[in-house]
Amino acid sequence: MENEKKIPVLTLLLTGINVLVYIYIEWKGSSYDAEFMLQMGASSESLIVEGHEIYRLVTHFFLHFGFEHLVNNMLSLLVLGYAIEGVLGRVRFFLLYFLSGILAGVTSIVYNVSIVHEDTVSCGASGAIYGLTGALLFLLILGNRNRQRKTTEVPRYLLFIALSLYSGSQDPTIDNAAHIGGFIAGFVICLIMTRTKQMEVTYES
């Protein structure tokens with residue numbers, strides 16, 4: 001029974017849903033067609049802000065532009081989900097993932113409307129996944145604080161995050177605002193969850 005508890009059921013379910021959605025998209029049209037992706041629920045500032053199609057803040061992180069986009073995000077989801085789901089529990093993991101994805105979308109909209117002044121079509125699970133990245137950082141900090149002998153996990157992980165965000169900022173096709181928003185959201189949400197649950201987290205990487 002102990003091994004069953006370690007299986008990240010929700011992570012696997014979310015991965016499966018993303019894959020099935022991608023297969024459906026490719027069956028009905030093309031994941032590279034921006035107009036078609038809008039029909040399927042991709043994010044657009046004008047449709048969300050002016051059209052009040054708020055549902056796109058959720059549907060957009062189940063859609064992906066192409067197979068490579070899907071594979072990269074799903075591998076990240078599997079790795080991070082395996083590390084986090086068992087620590088937080090399925091309900092809190094579910095809330096963490098969805099709230100991070102939504103807030104990542106909101107951050108992207110605010111950035112594009114107020115700074116870039118462009119209406120963009122965006123989708124992908126990376127905002128929610130960066131939320132998991134932020135949550136894992138918090139858990140590593142918390143776990144390291146409870147150790148008598150400190151490790152170098154936190155600074156190494158911070159370096160990885162910094163390099164990942166920098167790499168994203170160099171590619172104009174990547175929604176880095178969503179990544180940053182998701183990351184901050186995940187860190188704060190995880191902090192709140194561990195406080196409200198009043199649990200002593202001894203996170204082992």
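Here is a short walk through two helices and a surface patch, with something to select at each stop. Keep in mind that you're looking at a predicted model.

**Stop 1: helix α8.** Select residues 126-145, which make up helix α8. Now pick out Gly 127, which is part of this helix. Gly 127 has a relative accessibility of 6%, so it counts as buried, the cut-off being under 20%. What is Gly 127 in contact with, once you skip its neighbours within four places in sequence? Select Ser 100, Gly 101, Ala 104, Ala 178, His 179 and Gly 182 and you have the set. For a distance check, draw a line from the C-alpha of Gly 127 to that of Ser 164: the two residues are 37 apart along the chain, and the line should read 13 Å.

**Stop 2: Thr 133.** Stay in helix α8 and click on Thr 133. Buried or exposed? Thr 133 is buried, at 7% relative accessible area. Show Leu 80, Tyr 157, Ile 161 and Phe 183 next; leaving out neighbours within four places in sequence, these are the residues Thr 133 contacts.

**Stop 3: helix α7 and the patch.** Move to residues 90-116, helix α7, and find Leu 99 there. Leu 99 comes out as partly exposed, with a relative accessibility of 38%. Switch on the surface and colour Val 91, Phe 94, Leu 95, Leu 99, Leu 103, Val 106 and Val 110: together they form a nonpolar surface patch of about 570 Å².

Notes:
Residues numbered from 1 in each chain as written. Predicted model: local features only at pLDDT ≥ 70, side-chain atom pairs only at ≥ 80, totals over all residues. Heavy atoms only, no water. Helix = DSSP H or I, 4+ residues; strand = E, 2+ residues; numbered from the N terminus. Buried < 20%, exposed > 50% of the residue type's maximum accessible area, 1.4 Å probe, protein only. Contact = heavy atoms within 4.5 Å. Patch = residues over 30% accessible without salt bridge, like charges linked within 9 Å, V, L, I, M, F, W, Y side chains within 5 Å. Areas by Shrake-Rupley, 256 points an atom, 1.4 Å probe, with all protein chains shown as cover. Salt bridge = Lys/Arg side-chain N within 4 Å of Asp/Glu carboxyl O.
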